[in-house]
Structures are given as structure tokens and as C-alpha cells.
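Reader: Hello! I am new to this structure and would love a close look at a single part of it. Could you walk me through the aromatic rings and what surrounds them?

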Amino acid sequence: MIQRIQTVYLLIVVLVAGVLPFWVNLWSDAEGNEIFASNEIFISLTFYISSLLALIAIVMFKNRKNQFVMNRLNMILNLFLLGFFVYRSLNLSGEISVSEKGIGMLIPIISIVFLVLANRAIKKDEDLVKSVDRLR
């Protein structure tokens, strides 16, 4: 249902992964050019897939087990994206000129946190349904 708390968490993931990377910079190169997600096709595609997975998980509210699995897949995708950002930031720090890391590199961490909160709420709902079924 739309009124459940995991739907709110998943909507936050949709907004954070679908909109925020295109407003905040991911990093700045040595010349001072800010790099956004729209400049890198791999990164923008990954953010769009993450947002789409969260949106699909919202629609799958009737099947909580599949919703849980969909969120796990989204967490794995965000972990890969975070790993890419860590790799990229380690390469940026080895330059001769100083380059800056942007706040946009924290977006996968924010998404993972809200996906974990959504999975906790889904698990709580599933346990509640199982306990009610035991009483019958």
C-alpha cells in the first residue's frame, strides 16, 4: 500500500537516485570543471536503474518477498556504484593538481541507508502477517 513507511523510504530513494545526482557535482577535475552524473553515461545509467528498481519495488507492494529481493538488488547496484566512486576518488587524489570530491559521491550511501530502512519495514510487515496467520 502507498501509506506504508517503506513506500516513503523507497520514494526518497527514487528522488535521491533519480534527481539529486544531476544537481550536485560528483567531483571536480584539476581544471575546476565540475563533473555531474549527466556528464558520465555509465554513472547516469546506474543512477537511473537504481531509481527504476526502487519505483518497481513500490509497485510490488502486494508481494513483499519480491519487494525485499528487489531492494537487495538495488543495494548491490548502489554498492557497485559506491565502489566505482571510491576507485575514482583514489585515482583523483593521485593527480599533480588538486581535485575536489563532490558531495554527490555520498548519494549511493544515502540510497543504501533508505533501502535498508525499507527492508526493515517490509520484514516487520511480513512478520506481522505471519503472526496473524498463526493465530487463525
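**A close look at the aromatic rings**

Author: Happy to! The count of aromatic pairs comes to five in this model, which is a predicted one. Let us start with the pair formed by F42 and F84, which is edge-to-face. Their ring centres are 5.4 Å apart, with 70° between the planes; the label fits because planes over 60 degrees apart count as edge-to-face. Where do F42 and F84 sit along the chain? F42 belongs to helix α2 (residues 41-59) and F84 to helix α3 (residues 64-92), so this pair ties together parts that are 42 residues apart in sequence.

Now, how much of each ring-bearing residue is accessible? F42 has a relative accessibility of 48% and counts as partly exposed. F84 is partly exposed too, at 26%. F84 also pairs with F85: the ring centres lie 6.2 Å apart and the planes meet at 50°, so this pair is tilted. Is F85 buried or exposed? F85 is buried, with a relative accessible area of 1%. Putting the rings together, F42, F47, F84 and F85 make up one aromatic cluster.

It also helps to place these residues against the record. An unreviewed UniProt entry carries the annotation "transmembrane region" for residues 7-26, 41-61, 73-90 and 102-122. For residues 41-61, the model gives 90% helix and 0% strand, and the end C-alpha atoms of that span lie 31 Å apart. Residues 73-90 are 100% helix and 0% strand, with 26 Å between the end C-alpha atoms.

While we are here, let me point out one more residue, N119, as a polar counterpart to the rings. N119 is found in helix α4 (residues 107-135). At 5% relative accessibility, N119 is buried, because anything under 20% counts that way. What does the side chain of N119 touch by a polar contact? The partner is the side chain of N71, at 3.0 Å. Setting aside neighbours within four places in sequence, N119 is in contact with F68, N71, R72 and M75.

To go over the rings once more in the viewer, begin at F42 in helix α2, cross to F84 in helix α3, and then look at the buried F85. With F47 added, you have the whole cluster in view.

Definitions and conventions
Residues are numbered from 1 along each chain as its sequence is written. This is a predicted model: local features need pLDDT of at least 70, side-chain atom pairs count only at pLDDT 80 or more; totals for chains, interfaces and linings use all residues. Side-chain values use heavy atoms; hydrogens and water are left out. UniProt positions are given in the numbering used here, feature names are shortened, and annotations may be inferred rather than shown by experiment. Helices (H or I, at least four residues) and strands (E, at least two) are DSSP runs, numbered from the N terminus. Rings of Phe, Tyr and Trp (its six-membered ring) pair if their centres lie within 6.5 Å; planes under 30 degrees apart count as stacked, over 60 as edge-to-face and the rest as tilted. Buried means under 20% relative accessible area, exposed over 50%, partly exposed in between (1.4 Å probe, protein chains only). A polar contact is a pair of N or O atoms within 3.5 Å; within protein, one must be able to donate a hydrogen and the other to accept it, and residues adjacent in sequence count only if both atoms are side-chain atoms. Contact means heavy atoms within 4.5 Å.
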